[in-house]
Amino acid sequence: LPLELWYYSWQEDHAEPTYRYTQEMFSFFNDEFGLDYPYELYREAPVEDYLYGAMETTTATVFGDYLAVDERAFDGRNYVNVNAHELAHQWFGNCLSHQRNSDVWLTESFATYYAKMFEKHIFGEDYYQWVREVERDETMEAARKDSYPVGHGRGGRARWYPKGSLILDMMRNVLGDEGFRASISQYANKHAFSEVETAEFLSSVYEATGQSLEWFFDQWIYRGG
């Protein structure tokens, strides 16, 4: 797969630390999703004065150049999580696209969860548990303000990103690693290059495992609080 990883000409020493682990992300996600990267190339480029952290489009991601770091800065703040999050969107967001706001979690929760899982793969269990604590704190803080569910058009960032990520953690606990991976593979391959809804993901879990998770989706996706 051709990878174009751009950097400023005067920051050649930033290239490797910025894009560290990028190739490994592809192998990790191909295995996790059961669907190889679905396009013919991938590009990334830093952008000056970018308003957000990053934004993926099909086959390309731009990101704020403050995330382009040298070796000394890597341990303080790096691009690994954002890089993995935006790459995961090539599958969940682009290859499988949500249309309704109530299905945003199928894009953002998945990308947040799999970025976290890649960091667990690279940085270990303690780091993973720390990320989960941060997610839990954000989730509980949002719950003090309102009780919109994850699968709601007004769920908001705290539900679609950290809470949805934690829910996928729990779903993996319920299904086990094998059942969870089989469900994701079924969902990704069956609905590749199409628009998706939450009900289609729920159906894919049943098709892959024979388990009905309607109770789980009712409690954690459709119901708030």
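Helices and strands here are DSSP runs, numbered from the N terminus, with at least four residues for a helix and at least two for a strand. With those labels in hand, the pockets of this predicted model come up as follows.

The second largest pocket gets its lining from 17 residues, and both α5 and α6 put in at least two of them. Of the two, α5 deserves a closer look: 7 residues of the lining come from α5, the largest share. Around the centre of this pocket, the nearest lining residues are R136, T139, M140, L166 and M170. The space inside comes to about 270 Å³. Sorted by class, its lining holds 7 charged, 6 nonpolar and 4 polar residues.

Then there is the largest pocket, with a volume of about 800 Å³. Its lining runs to 27 residues, and N81, V82, H85, R157 and Y161 sit nearest the centre. Two or more lining residues come from each of β3 (54–57), α3 (80–88), α4 (105–123), α5 (125–143) and α6 (157–190). Here the class count reads 12 nonpolar, 8 charged and 7 polar.

Two helix pairs are worth walking through as well, starting with α6, which has already turned up in the pocket linings. Helix α8 (residues 214–222) packs on α6 at an angle of about 165°, and their axes lie 11 Å apart. Angles over 145 degrees count as roughly antiparallel, so that is the label for α6 and α8. The two helices cross in a right-handed sense. On the α6 side the contact uses I167, M170, M171 and V174, while α8 brings W215, F216, F217, W220 and I221. By class, that makes 9 nonpolar residues, with no polar and no charged ones. M170, then, takes part in this contact and is also among the residues nearest the centre of the second largest pocket.

The other pair is made up of α3 and helix α2 (residues 22–33), which pack at about 45° with their axes 11 Å apart. That angle falls outside the parallel, antiparallel and perpendicular ranges, so α2 and α3 are oblique to each other. Their crossing is right-handed. What meets what? From α2 come T22, M25, F26 and F29, and from α3 come V80, N83, A84, L87 and A88. The class count for this contact is 7 nonpolar and 2 polar residues, with no charged ones. Besides meeting α2, α3 is one of the elements that give two or more residues to the lining of the largest pocket.

Note on methods: Residues are numbered from 1 along each chain as its sequence is written. This is a predicted model: local features need pLDDT of at least 70, side-chain atom pairs count only at pLDDT 80 or more; totals for chains, interfaces and linings use all residues. Side-chain values use heavy atoms; hydrogens and water are left out. On a 1 Å grid over the protein atoms alone, a cavity is a set of points where a 1.4 Å probe fits but cannot get out, and a pocket is an open set with protein on both sides within 12 Å along at least five of seven lines; lining residues have an atom within 4 Å of a point. Grid points are joined across faces, edges and corners, and a volume is the space filled by probe spheres set on the points. Ala, Val, Leu, Ile, Met, Phe, Trp, Tyr, Cys and Pro count as nonpolar, Asp, Glu, Lys and Arg as charged, and the others, Gly among them, as polar. Axes are lines fitted to C-alpha atoms, for helices over the stretch in contact, and angles run from 0 to 180 degrees between N-to-C directions. Angles under 35 degrees count as roughly parallel, over 145 as roughly antiparallel, 65 to 115 as roughly perpendicular and the rest as oblique. A crossing is left-handed if the near helix is turned anticlockwise from the far one by less than a right angle, and right-handed if clockwise. Contact means heavy atoms within 4.5 Å.
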